Amino acid sequence: TSSASSARNRGFMFEIGAGPTTISYGALVDSYFSAAQSAGLSRMQLYLNIDLGYALTQKLYLVAGIDGVGDRFYDSYNYVQINSYLYHAGVRYYPFETGLVLGIDGGATTEVIQSDLGVSATSPWGWGTGATIAYDFARKPTGFGVELGLRADYLTIQGSPVTGVALYLDLLWK
């Protein structure tokens, strides 16, 4: 089939995924968290994403979604968790119609702190950006696929930068 006829097949895209991540809150805060780990607290960091998109062309999707990072400190008795969210709009570009995927996003961001110690707080809204490079293993431009990617986010929370890098696996339908 020609590109023109297969372009009509592209429409909506939905993807959901997760993976390991690392997040940095700046040197001072990171040093406190390192000290907490040295004192025996465990730490788990997890990246989650969900995106909905619409094909503008055979190679370009307009997307909107949410990226989240859960950063949990815990021991056998208690936990404290920082959830960082990026509510974004952006694009996903497939240079070869399948395979390589490039993306860039921007939007609003916030952090939520939760604990079983009765502590909870939500930051004021900030802004953030994200970039994606991934590989979509689907052989065709439409249908079910699995995507392995690398994601970098830069968030501004109360004027302070928060950065994260994640390796993720997405299930997607396009």
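This passage describes how some strands of the structure pair and which residues line its cavities and pockets. The model is predicted, so local features need pLDDT of at least 70 and side-chain atom pairs count only at pLDDT 80 or more, while totals for chains, interfaces and linings use all residues. Residues are numbered from 1 along each chain as its sequence is written, and side-chain values use heavy atoms, with hydrogens and water left out.

A good place to begin is strand S9 (residues 160-173). Strands here are DSSP runs of E with at least two residues, numbered from the N terminus, and two strands pair if DSSP finds at least two bridges between them. S9 pairs in the antiparallel sense with strand S1 (residues 12-24) over nine bridges; within this pairing, Ile16 has Leu171 as its bridge partner. S9 also pairs in the antiparallel sense with strand S8 (residues 144-157), over 14 bridges, and here Tyr154 stands opposite Thr163. S8 and S9 form a hairpin with two residues between them, and Gln158 in the turn has a positive phi of about 50°.

The next topic is empty space. On a 1 Å grid over the protein atoms alone, a cavity is a set of points where a 1.4 Å probe fits but cannot get out, whereas a pocket is an open set with protein on both sides within 12 Å along at least five of seven lines; lining residues have an atom within 4 Å of a point. Grid points are joined across faces, edges and corners, and a volume is the space filled by probe spheres set on the points.

Three cavities of 30 Å³ or more are found in the whole structure. The largest has a volume of about 60 Å³, and its lining includes Ile23, Asp67, Tyr85, Asp153 and Thr163. Strands S3 (60-74) and S4 (79-93), together with S8 and S9, each give two or more residues to this lining. The second largest cavity has a volume of about 40 Å³. Of its 13 lining residues, Tyr47, Asp51, Arg92, Thr132 and Arg151 are the closest to its centre.

Turning to the pockets, the largest has a volume of about 240 Å³. Among its 13 lining residues, those closest to the centre are Tyr25, Glu111, Ile157, Gln158 and Val162. S9 gives the most to this lining, with three residues. The second largest pocket has a volume of about 190 Å³; of its 15 lining residues, Leu48, Gly68, Val69, Gly70 and Asn83 lie nearest its centre. Here S3 gives the most, with seven residues.

Definitions and conventions:
Helix = DSSP H or I, 4+ residues; strand = E, 2+ residues; numbered from the N terminus.
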